[in-house]
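Hi,

Here is the structure I promised to pass on. Have a look at it first, and my notes follow below.

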Amino acid sequence: MNICMAGIDFHCANLVQRESISFVAGQVENLLPRIQETEGVLGCVLIATCNRTELYLHTEHKKIDPLLLLTKAANVPLAAYQDIAAVRQSEEAITHLFEVAAGMQSQIFGDDQIVSQVRGAIALSRKLHCADSVLDTLFRCAVTGSKRVKTETRLVGVPASAAHRGVARAAEILGTLQKKRAVVIGNGEMGRLAASLLYQAGCQVTVTLRSYRHGETVVPAGCATYPYDERCNLIEGADLVVSATTSPHYTLCQEQIERMENPPVLMIDLAMPRDIEDAGYQNITVLNLDDLGTLEDENAEERAAAYAILEEEKAEFYAWYEYRKALPVIAQMKDTALMRVRHDRSFSTLYTENDIDELIELAVHKTIDMLLGGMKDGLTAVQMQSCLDKMQKGIGK
């Protein structure tokens with residue numbers, strides 16, 4: 001099975017190293033078709049999140065280096081990442097994807113946000129015609145496994161996302177969030193979650209917006225809004241700033257921060273690449289994703305149940321893959337069965353000569369489909385080939 005992946009994440013690379021090989025949505029949209037055009041690549045999907053960048057490939061052969069394609073796409077030297085990137089093949093790559101989708105490889109164990117990002121990655125690849133049937137089915141099974149983990153297990157004591165951890169750290173540093181004035185830059189999924197959590201903790205929250213469309217722009221309940229372009233005026237005198245955008249540029253640069261007469265005492269950067277330029281400011285604490293730490297789930301029983309669910313969903317994918325490999329053999333089985341039945345003309349007198357061939361073909365194809373439809377989960381392509389070999393004995397004698 002020629003499925004492979006290459007990528008870096010917070011386990012093996014620091015924030016600076018991850019930034020150099022991170023992509024925003026527009027960049028992924030441009031890169032995927034170029035990767036797809038590589039000779040031997042049948043399908044490709046690129047997962048680009050705050051904490052990881054991973055390229056998944058389905059290839060004609062195992063000679064293709066996914067890390068080479070990834071570093072070339074990022075325009076960085078291969079040598080700079082050979083010691084820190086992970087390259088996985090076949091079952092190891094498949095297992096990793098299932099665990100990533102379920103949040104079991106996240107910086108915050110059991111992260112709820114990652115499954116949406118995995119689903120978005122395959123949706124984009126599908127839209128660009130870069131996902132072949134193998135990767136499409138693989139990702140669908142991984143997303144299904146993640147959903148089952150969320151609904152059938154209870155990974156207790158784990159914040160749902162980096163936003164939860166960021167808000168918790170803010171409460172620790174500021175002492176309380178009650179009546180604190182907070183500004184959230186970014187109204188995407190992470191920004192809205194952070195804003196909601198801050199409001200629930202007692203903050204007066206304002207969310208910056210680049211534009212507002214009535215009936216389309218979703219603003220968290222209880223939060224005010226403010227134009228993004230005037231954000232520095234809003235931030236003056238605030239207690240806390242959280243920035244969580246997908247912008248490739250800083251939302252707050254050093255010059256803007258140093259011009260403030262009354263800057264916030266705490267800034268939390270939940271973006272990748274980073275939103276806030278950290279230049280070691282006096283009297284300002286800047287936290288980024290690496291500062292939030294890793295929170296492991298300690299419920300071993302629930303964790304084991306989650307892994308068992310992923311094994312079941314992986315088995316579903318393998319069964320589909322085996323059946324897919326057998327499709328050419330199934331077509332040959334139908335042809336062979338048809339030849340054998342036609343060879344025996346003992347019942348041809350029951351029908352006119354014009355009807356007999358059409359009736360035989362229809363009966364044989366439906367019979368083979370019914371038989372193999374009930375056997376596909378238990379037969380491999382090799383076993384089906386053995387059946388075909390036996391069927392072919394005697395033909396032509």
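Where is the place of threonine 251? Threonine 251 sits in the loop between strand 8 and helix 10 (254–259); helices (H or I, at least four residues) and strands (E, at least two) are DSSP runs, numbered from the N terminus.

Before the rest, some housekeeping. This is a predicted model, so local features need pLDDT of at least 70 and side-chain atom pairs count only at pLDDT 80 or more, while totals for chains, interfaces and linings use all residues. Residues are numbered from 1 along each chain as its sequence is written, and side-chain values use heavy atoms, with hydrogens and water left out.

Back to that loop. Threonine 251 is buried, at 0% relative accessibility (buried means under 20% relative accessible area, exposed over 50%, partly exposed in between, with a 1.4 Å probe and protein chains only). Setting aside neighbours within four places in sequence, threonine 251 is in contact with Ile185, Tyr228, Arg231, Ser243, Thr245, Gln256 and Asp275; contact means heavy atoms within 4.5 Å.

Another loop residue to look at is proline 220, between strand 6 (204–209) and strand 7. Proline 220 is buried too, with a relative accessible area of 8%. Apart from neighbours within four places in sequence, proline 220 is in contact with Asn187, Arg192, Ala195 and Ser196. With serine 196, the separation is 24 residues in sequence but 5.8 Å in space, C-alpha to C-alpha.

Now the sheets. One is an open sheet of six strands with parallel pairing, in the order 7-6-5-8-9-10; two strands pair if DSSP finds at least two bridges between them. Strand 7 (224–227) and strand 10 (285–287) are at the edges with a single partner strand each, so each has one side without a neighbour in the sheet. On average, neighbouring strands here are turned by 20° against each other, direction ignored (axes are lines fitted to C-alpha atoms, for helices over the stretch in contact, and angles run from 0 to 180 degrees between N-to-C directions). Strand 9 (residues 266–269) pairs with strand 10 in the parallel sense over three bridges, and isoleucine 268 has leucine 287 of strand 10 as its bridge partner. Helix 7 (residues 162–174) packs on this sheet and touches strand 8 (240–243), strand 9 and strand 10, with its direction at about 165° to that of strand 9.

The other open sheet has four strands in the order 2-3-1-4, paired antiparallel. Its edge strands are strand 2 (41–48) and strand 4 (86–89), each pairing on one side only. Neighbouring strands of this four-stranded sheet are turned by 15° against each other on average, direction ignored. Strand 2 and strand 3 (residues 52–59) pair in the antiparallel sense over seven bridges, with tyrosine 56 in strand 3 as the bridge partner of valine 45. Helix 4 (residues 90–101) lies across strand 1 (3–9), strand 2, strand 3 and strand 4, and runs at about 115° to strand 4.

Last, the cysteines. Taking a disulfide as a pair of cysteine sulfur atoms within 2.5 Å, the count comes to zero. For cysteine 203, the closest cysteine sulfur is in cysteine 223 at 9.6 Å, too far for a bond. Cysteine 253 is in no disulfide either, and the nearest cysteine sulfur, that of cysteine 232, is 7.5 Å away. Cysteine 203 is buried at 5% relative accessibility, whereas cysteine 253 counts as partly exposed at 21%.

Cheers
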